[in-house]
Amino acid sequence: MFELEEKIYFYGLLLLPIFGALGLYSYFWRRRKVKEFGNPEMISYLSPDRTPFKSTLKFILSLLGLSCLIIALVNPKIGTRVDKVKSRGIDIVFAVDISKSMLATDVAPNRLEKSKQIVSQVINRLEGDRIGIIAYSGSAFPVLPMTSDYGVAKMFLQSMSPEMISAQGTSIDQAIQMAASRYFSKKDKTNKLLIILSDGEDHSNNAVEAAELADDVKMRIITVGIGTENGGPIKINENGVEKYLRDKNNQVVITKRDAKTLTEVAQTGKGGYVDGNATKAVLDYIKNTMATTEKTEYGSAMMADYQSQFQWFLGFGFAFLFLDLMLSERKTQWIRKLNLFNEKNEAR
């Protein structure tokens, strides 16, 4: 098992073809200049100590050294030990509203980005809990199944946008139903928490009714209201041009947060509602909720102990570069004595 810690440095390998092209250009340029100066065979005879093989070898050594140094920056790691680790926690599903109304700018930078920030900060505080992510607007979409890999969760979280789901609108009931049926199970004894982040606009009018499913699978629902009561315009991007969404009468659409619906959903789901504009208040509320929720022991997980291997590539890289510096472009004396190409006889 292995992993790469800093994959971004792999882009440095793109420099190698550039250096290779420059090396070939330099080689043919020098050959052309030699021909302009005189007969190449006569010049070679007058400079018996010079050899193109050494020049090529030095160039290859420099490329190998640079390659090893770049790979050292990537820091490959190899799993050398596998341990069994028992985890305790609860199952948490984040249902993030990605409808166009979440692009409103009444909170900075917009409602959707604010939701992502909150989810990311909640994840930073978790230890051993399993998480899943649902995106919803007119319908619900499973973005991430239950996992303990928080790094992967953050990666999928940042990729969420209104373009993920073609059906527009806001149907909170779809998110609740998906959490209850696909993420949670009656047979699972683990304590469950559904955190809904939304501006509260619900075009289905079935959100409160759907929240009654929470009791069936023993999950609690926390709703986080994103946006303001006064509302704001919805900024969209069309063909690279940013503008505000307008209705059929060409009036700028103003979307307002509906805290009432979110509060009713949370109460039905035996949880609570919290204002998402105050990030600290949200984090503290979720922390307190989790503190009062009994954690369950999961099955044993296999964890690999990875060890860095960059030092090998660093050593080889410096070794190749050192050889490049120490190697002369003149012929080696003991090779000349071997007279491999019968050069002495030809000279006579």
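What share of the 348 residues of the chain count as buried?

**Figure 1. Overview of the predicted model.** Of the 348 residues in the chain, 37% count as buried. The chain holds 12 helices and 15 strands. Among contacts with a separation of 6 or more, 82% are made by residues 24 or more positions apart. The views that follow show a pocket, a helix and a loop residue.

**Figure 2. Close-up of the second largest pocket, with a volume of about 340 Å³.** The lining is made up of 18 residues, and those closest to the pocket centre are Leu103, Glu163, Lys235, Ile236 and Asn237. Two elements, helix 4 (111–124) and strand 10 (235–238), each give two or more residues to the lining. Strand 10 supplies the largest share, 4 residues. Sorted by class, the lining has 7 charged, 6 nonpolar and 5 polar residues.

**Figure 3. Close-up of helix 9, residues 279–291.** With 13 residues at 1.5 Å a residue, helix 9 should span 18 Å, and this agrees with its end C-alpha atoms, which are 18 Å apart. The buried residues of helix 9 are Thr279, Val282, Leu283, Ile286, Thr289 and Met290. Because these residues cover an arc of only 130 degrees around the axis, they lie on the same side of helix 9.

**Figure 4. Close-up of the two faces of helix 9 and the elements that cover its buried residues.** Lys280, Lys287 and Ala291 are exposed and sit on the face turned away from the buried side of helix 9. The cover over the buried residues includes four strands: strand 4 (91–97), strand 7 (192–198), strand 8 (219–225) and strand 13 (272–275). Helix 4 is also part of this cover. Helix 4 appears in Figure 2 as well, where two or more of its residues line the second largest pocket.

**Figure 5. Close-up of serine 137 in the loop between strand 5 and strand 6.** Strand 5 covers residues 130–136 and strand 6 covers residues 140–147, with serine 137 in the loop between them. Is serine 137 buried or exposed? Serine 137 has a relative accessible area of 0%, so it counts as buried, the limit being under 20%. Leaving aside neighbours within four places in sequence, serine 137 is in contact with Ile98 and Ser99. Its other contacts of this kind are Ile165, Ala167, Gln168, Gly169, Thr170 and Ser171.

Terms used:
Residues numbered from 1 in each chain as written. Predicted model: local features only at pLDDT ≥ 70, side-chain atom pairs only at ≥ 80, totals over all residues. Heavy atoms only, no water. 1 Å grid on protein atoms, 1.4 Å probe; cavity = no way out; pocket = protein on both sides within 12 Å on 5 of 7 lines; lining within 4 Å. Points joined across faces, edges and corners; volume = space filled by probe spheres on them. Nonpolar A, V, L, I, M, F, W, Y, C, P; charged D, E, K, R; others polar. Expected span 1.5 Å × (residues − 1). Buried < 20%, exposed > 50% of the residue type's maximum accessible area, 1.4 Å probe, protein only. Arc of directions from axis to C-beta. Contact = heavy atoms within 4.5 Å.
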